Structure formats: C-alpha cells, structure tokens
Amino acid sequence: MSKRIYNIPGSFMLGAASSAWQTEGWTGKKPHQDSYMDLWYKKTPELWHNGYGPTIATDFYNRYREDAALMVEAGLDCYRTSIDWSRFIEDYENNTVNEEAAAYYDDLIDTLISSGVKPMICLEHYELPAYLFEKYGGWASRHVVDLYAGYSREVFKRYSGKVKYFMTFNEPIVVQTRIYLDSVRWPFIQDTKTAMQWNFHKILATAAACKIYREEGFNSDGGKIGVILNPEVCYPRSAAPHDVEAAEMFDLFFNRIYLDPSIKGTIPQELTDILAENGCLFDHNDWDIDTIRENTVDLIGINLYQPVRVKARESGWSETYFHPKKYYEHHDLQGRKMNPHRGWEIFPKIMYDFGMRMKNEYGNIEWFIAENGMGVENEHLNKNESGVIQDDYRIDFISEHLKWLLKAVEEGSNCIGYMLWAFTDNVSPQNAFKNRYGLVEIDLEDNRNRRMKKSGRWFRSVTDSRTFTA
Ligand code: BG6
C-alpha cells in the first residue's frame, strides 16, 4: 500500500515513558529501602539477562539533567516516570518522607518543567517496598492499601501544584500474575486466591488515592488522576461460539478485571461468581465496594504492544488449582508478523480496535497510550559510520501504530496522546538491557553514555511538524 502523510492534532500529547526502578539505580537508597523489584533481583540475579538488574540501571538518578536535555532534543511534550515508593518513604508504617529522596524528585520535576517537558508521575511501577512484601505479604494485606493511600497523599501534597497527571499504578495486574498465578517469579508460589486478593486491593488502592486526590482538593489546579493498565486486545481463533467464549474469558480475567472497576466502578459479577465457585474469591466488604463505586478514575493510560489470540481448550484443564487458562488456550495464528527479538506479534490495528472499544463500551473516557514500542536485541550492530543506531524498524513500528490510533481519534475515540516505551534503553524485568526500546541508546560498554538513535531525531521531526508518513 502506498504511504501518505498524516496530521497529528495540535493538542495530542507526544511523549515517552520509563519508570524509577528501571532507570534510577541504587545511588542514594538506604539498605532498608529495597523495592520488591530490588528484592526479586537480589534473590535470583542469575535469572536476569547477563546479570544486569536495577543496581545501576541507566544511572538516571545522577544523570537526569543530561536526559532532560535529550528529551528536549527529541521533542517530547511529556515524560512519564514513577516515584519509587520504597525510596521516597523513609518509615513505611508512618509515611514519613525521606527528604533526601524527595529533594531528588523535587529537582527532577523542576528540571523537566523548566525544560518544557510535562512530567507525568506514576505512584507504583512495581516499586512496592520490600519491607511491606516481607512483613505483610504485600498487596495480600488490607493494611497495605491504607499505607499506600497515605503515601499517595504525601506525593500529592508535594507535587500536585506542579504535576498535572498522576497515575496510581503501572500494569497493576502483572506482579502477582507472575508470582502467584503462573509461579514464574520469586518466590514462585502458585496461589490463585492470593493473586486475586492483590488485584482487588490494588483496585481499592486506586479508588482510595482518587478519593484523597479529589476530596482533599489536590486537583484544584486542574490536575487529573488515572491508572495505567495493560489490557490485551484479544481475538478469538474463529467466530464459533466456543472460541468466542474463550476470548471473553480471557478478556474477563485480564482486561475487564481492571477496566470495569477503574472506569465504571463495578467488579464484573461473572468474575466474582467464577472465583467463588473455584474457592478463589478475594476477601472484601461493603465499604470497599462502595469506595470503588464512588471513586473512579479521570482518565486511563493504556500499555499496548501486541494482540493476544486465543481458542477454546482442546484438552480439559487437568491441574488441581484454578487458573483462567481453564477456559482458553493460546492460538498460534499462522503467518502473523512477529518481532523476532521479543517474540511479540506486530499488529498495529490493536490501537484502533482498543480505541473504539473505549468509545463504545467505556463511556468514551479520556485515555492515552501510556506505552507502545519495539524491543530489539543487539542494536549496536545497526550503527552507521557515525555510530548512530539506524532503527528504521522502530520508526515504521511507531508510524503504523500512530496511524491506527489516529484513525480511532478521527472516529471519535477520546484518546489524548501517545507515549513511547521508552525514552532511553533501560532495565526490564528479567530481560534487562536485552531488548532495547529507547529513542536514546545507553552504551553499557562506554560509561552508559547516551546517544540519540535515528528514531530520536525522527521523533523530533514529528513533534515539530505534527505530521508523519505511514
Ligand atoms: C511493559 C512494562 O509492560 O513492558 C515495562 O510496563 C517493561 O516496565 C516493558 O519494561 C517492556 O518489557 P520487556 O520485558 O520486553 O522488556
């Protein structure tokens, strides 16, 4: 198909994202200030690619001013990162702020603003304090919801005058799914009820933070609060009822489980019925349910990388424990286009399909792409004679996804922006520095020096001209 030029609406945000634990490194962290991610890395460093973990990451803690200058060079309207809860709070039981850490976040936020880059702050990108994981079992405990609410208040008090977008979590479903549902991450415990309890408490924690944000007037300067979810656009193998039902079950357990309560204030009845039948229903009370109903989000961030394709199970579920896989299997659609590095399918139409779903099923709430990007191994092999990575594949990837996203916008979906994962290469869970996502290269062989990739220069031309070709 021939390419054409697309225009990007003037108010549509174009930015990039990252997180505290994937960039900052441990400089300035006290021994008791590990996050769950730090703890996981310390327990099983051998499982992390080449042993790289969050120890130094990109050394953002020391180099954020240099990175802010690069954000200007790449033309970012906004930058998302998280506040590392485990670093920001000194005493987790009483929510006393660690002033040294806060001084760092103060200066980071001020530096972004003075550089003309709007900061977007996420309160938890997996950085649950290790202390709370070890003492209370993390989000299994109702007490942790109250502690998180107190932490959120401290962040709002300090930054609501400067930051206009607060996001309560990044991908709140992920950590417990890996630990307790699939048992592939330390401490490797299969316990579906605990996974569901974590989900419920994070849903409640979002509602609790929204309540504080609005009732205590932290939104008085026009700020907004939301949550960043990672729903997967799920396509059934066929239109046959058993395949469609398999897709609906996937959607219920991995998408609607957060979308419905965050946006509509309700937890799907089908979900609680199935969990109850299988002895996995989370503990909850009427007050919690009311809190969730009355405190929905202002907007939603969506991380969207790849579709998921499912089919009805061809053999029965033979495990003794309950897992949503009881109702579906993954479907290996032949001929689909894959990213050979990350093993993820490339199917840009997910942007459009998801955008239309927000319009048609979720009251056309304001939303934005909070992450989308392409992870590629050994990018240093793609350098030109000046040492600049020639990542045309990333430019194509972004252009195609933007094209489909803007089609949804044209058709009335209330999408207000696109944020690329990631601004610089960074440490990922386990894949640490293996699949590189950045507009900016981090050279691990040379003092973590930063070098803009071809895609970084291209991104600048897009934000300057508000046009791109696809
Ligand atoms: C997202 C997460 O789901 O995927 C990020 O929010 C993560 O934290 C990104 O880094 C890419 O994942 P991976 O495993 O390909 O590096």
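Where does Asn-95 lie? Asn-95 sits in the loop between strand 4 (89–91) and strand 5 (96–97). This is a predicted model. Asn-95 is worth a look for its backbone. Its phi is near 55°, a positive value in a residue other than glycine.

Now turn to the barrel. It is closed and has 8 strands. Follow them in the order 2-3-6-7-8-10-15-16, with parallel pairing. From one strand to the next, the twist averages 25°. Strands of a sheet pair through backbone hydrogen bonds, either parallel or antiparallel. Take strand 2 (residues 13–17) and strand 16 (residues 415–421) as an example. They pair in the parallel sense over 5 bridges. To find one of the partners, start from Met-13: its bridge partner in strand 16 is Gly-417.

Next come the helices. Helix 9 (residues 192–215) lies across two strands, strand 7 (165–170) and strand 8 (224–229). Relative to strand 7, helix 9 runs at about 165°. An angle over 145 degrees counts as roughly antiparallel, so helix 9 and strand 7 run roughly antiparallel.

Helix 9 also packs with helix 7 (residues 142–159). The angle between these helices is about 35°, and their axes are 9 Å apart. The crossing of helix 7 past helix 9 is right-handed. Which residues of the two helices meet? Helix 7 brings Arg-142, Val-144, Val-145, Tyr-148, Ala-149, Ser-152, Arg-153 and Phe-156. Helix 9 answers with His-201, Leu-204, Ala-205, Ala-208, Ala-209, Ile-212 and Tyr-213. By class, this contact holds 11 nonpolar, 2 polar and 2 charged residues.

A second helix pair is found earlier in the chain. Helix 3 (residues 60–73) packs with helix 5 (residues 99–114) at an angle of about 5°. Their axes are 10 Å apart. Angles under 35 degrees count as roughly parallel, and helix 3 and helix 5 are therefore roughly parallel to each other. On the helix 3 side, the contact uses Tyr-61, Tyr-64, Arg-65 and Ala-68. On the helix 5 side are Tyr-104, Leu-108, Thr-111 and Leu-112. The contact of helix 3 with helix 5 has 6 nonpolar, 1 polar and 1 charged residues.

Two cis peptide bonds deserve a check on the model. One runs from Trp-186 to Pro-187, with omega near 5°. Pro-187 is placed in the loop between helix 8 (174–181) and helix 9. Another runs from Trp-421 to Ala-422, with omega near 10°. Ala-422 lies in the loop between strand 16 and strand 17.

Past that loop comes a hairpin. Strand 17 (residues 440–443) and strand 18 (residues 449–452) pair in the antiparallel sense over 4 bridges. Val-440 stands opposite Met-452 in strand 18. The hairpin has 5 residues between its strands. Asn-447 in this hairpin takes a positive phi near 60°.

The ligand comes last. How many residues surround it? The shell has 14 residues. The closest are Glu-171, Gly-375, Ser-428, Asn-431 and Asn-435. What classes make up the shell? Its residues divide into 2 nonpolar, 9 polar and 3 charged.

Note on methods
Residues are numbered from 1 along each chain as its sequence is written. This is a predicted model: local features need pLDDT of at least 70, side-chain atom pairs count only at pLDDT 80 or more; totals for chains, interfaces and linings use all residues. A residue is near a molecule or strand if its C-beta atom, placed from the backbone, lies within 6 Å of it. Ala, Val, Leu, Ile, Met, Phe, Trp, Tyr, Cys and Pro count as nonpolar, Asp, Glu, Lys and Arg as charged, and the others, Gly among them, as polar. Axes are lines fitted to C-alpha atoms, for helices over the stretch in contact, and angles run from 0 to 180 degrees between N-to-C directions. Angles under 35 degrees count as roughly parallel, over 145 as roughly antiparallel, 65 to 115 as roughly perpendicular and the rest as oblique. Two residues are in contact if their C-beta atoms, placed from the backbone, lie within 7 Å. Two strands pair if DSSP finds at least two bridges between them. A crossing is left-handed if the near helix is turned anticlockwise from the far one by less than a right angle, and right-handed if clockwise.
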